[in-house]
Amino acid sequence: MLHITNTMTGKKQPVQANNKNLSLYVCGITPYASAHIGHGRCYISFDLLFRLLTFLQYKVTYCRNITDIDDKLLHAAEAKYGDKMRYQEIATYFFDQFKKQMSLLNIKNPTVEPRVTEHIQDIIAFIDVLIEKGHAYQIDGDVYFAINTYPAYGSLSGQKTEHMLAGARVEVNDKKKNPLDFVLWKGEQTGFWPSPWGNGRPGWHIECSAMAAHFFGDRLDIHAGGLDLIFPHHENEKAQSESRFGVSFADCWMHNGLVTVNHEKMSKSVGNFITLEEVTATYHPMVVRYYFLTFHYKAPAEFNNEGLDSAFKTYERLVQWASPVWNKNPSNITCSIMKKHSLTQKLLSALCDDLNTPAFLGILFENLKLITQDTQLHQTVVAFIQTVLGLDLAALPEKELVLTAEIKDLIAQREKARALKDWKKADALRELLLAKGYVVQDKKQ
Ligand SMILES: [Zn+2]
């Protein structure tokens with residue numbers, strides 16, 4: 001049975017599902033710029049969850065939204081075209097780019113991928129109910145959620161409202177009754193969508209509550225996202241949905257740890273922002289996926305070239321190990337096949353224990369030799385890694401060898417030494433070449 005840590009309690013809990021029908025909602029991107037490695041990590045983590053749940057025969061409906069209307073998109077359109085109303089062109093461009101990267105990283109498409117602009121009526125109806133129930137109020141053309149009408153506010157992030165006020169950079173807005181009240185509808189003089197409160201557009205948080213309600217009704221089995229979304233985004237989603245429906249919004253809240261680059265938080269101001277496009281142009285996407293799987297999804301992941309270089313070597317080793325039984329389309333494996341052997345049982349148990357990929361890889365690498373001694377077992381493990389870990393294990397393309405004049409000269413010197421049967425010199429030159437990163441293989445005569 002699969003256990004997952006619930007952010008609400010900090011404890012692992014079994015995944016419950018109604019007749020194995022399971023709803024999974026993961027907050028998606030705002031496509032106003034290229035997706036970065038933080039997005040890569042988040043969607044690899046929940047792709048692993050999606051694959052594992054499917055393997056365990058849950059009937060998963062996985063929803064990942066697209067925020068295609070937002071301040072950031074409007075700013076990007078204004079900057080690029082001098083016309084904020086061309087924000088859909090920005091959204092489409094960066095969303096296409098994102099999809100390409102998701103596919104390179106072997107991240108499966110979610111079951112549904114709704115755009116906010118397709119759900120404006122759901123959002124308006126949701127806000128209407130909140131106003132009716134006294135949880136939201138209108139001022140001028142804006143609508144705000146009143147957090148004092150929802151006593152559990154802060155229960156997800158474990159904060160008291162006084163601390164939130166002190167800690168959060170609360171925007172100065174005299175219109176709000178409480179500085180922590182957040183916007184549900186942003187009034188606009190012209191354009192966007194008509195509503196009972198005048199023209200406008202939705203705030204960020206309400207979209208997820210409205211789309212979750214559209215696809216799943218009053219509650220979710222698993223709601224997931226990056227750690228940085230706990231507050232305020234998920235706290236606000238929870239407040240909206242629970243105020244509307246009066247039941248617990250999500251059975252399990254799941255959050256992946258953040259990515260640091262050279263031990264610093266990734267941020268535009270520090271200039272250490274790495275896009276997925278950049279990293280997959282330098283490293284094979286399967287090496288990037290493998291690298292992230294070496295961390296537990298909840299732990300912070302440090303991203304640097306040394307780490308990726310070493311992940312490349314280990315992944316290459318794994319590919320070679322898999323090659324004798326590798327098949328592009330691996331045979332169907334099932335839970336009962338995995339339970340046939342104590343080793344595969346151990347591997348599956350590691351993943352079922354809160355997606356413990358480091359433990360999985362530890363058991364795997366300890367037993368590589370043993371596994372290859374049994375063809376059936378070897379086939380099963382390779383197919384499982386392909387199917388559930390999403391590592392395709394296909395042969396990595398050979399890198400084109402660029403030989404500098406210095407390297408060519410060293411190779412020529414070594415050839416000469418070999419011709420003169422000066423083995424000592426030939427070996428010393430081989431060592432020298434190795435130190436410079438070149439492995440010399442002599443063809444058999
Ligand atoms: Zn969300």
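The centres of domain 2 and domain 3, taken over C-alpha atoms, are separated by 34 Å. This is a predicted model, in which local features need pLDDT of at least 70 and side-chain atom pairs count only at pLDDT 80 or more, while totals for chains, interfaces and linings use all residues. Residues are numbered from 1 along each chain as its sequence is written.

**Domains**
- The chain is assigned domain 1 (3–256), domain 2 (261–389) and domain 3 (400–445), with bounds from an automatic or database domain assignment.

**Nonpolar core**
- The largest nonpolar core (buried Ala, Val, Leu, Ile, Met, Phe, Trp, Tyr and Cys residues joined through C-beta atoms within 7 Å) holds 112 residues, of which Leu-24, Leu-52, Ile-127, Phe-145 and Leu-184 touch the most other members.
- Helix H1 (residues 37–55) gives the largest share of this core, ten residues.
- Because domain 1 (3–256) and domain 2 (261–389) both give residues to this core, it lies between them.
- Buried here denotes 20 or more other C-beta atoms within 10 Å of a residue's own, with C-beta atoms placed from the backbone.
- Beyond its neighbours within four places in sequence, Leu-24 is in contact (C-beta atoms, placed from the backbone, within 7 Å) with residues including Phe-50, Tyr-62 and Ile-222.

**Sheet**
- An open sheet of mixed pairing has three strands in the order S12-S11-S13; strands are DSSP runs (E, at least two residues), and helices are runs of H or I (at least four), numbered from the N terminus.
- Strands S12 (264–265) and S13 (301–303) are the edge strands, each pairing on one side only; pairing requires at least two DSSP bridges.
- Strand S11 (residues 259–261) runs parallel to S13 and is joined to it by three bridges.
- Val-259 stands opposite Ala-301 in S13.

Note on methods:
A residue is buried if 20 or more other C-beta atoms lie within 10 Å of its own, exposed if 12 or fewer, and partly exposed in between; C-beta atoms are placed from the backbone. Two residues are in contact if their C-beta atoms, placed from the backbone, lie within 7 Å.
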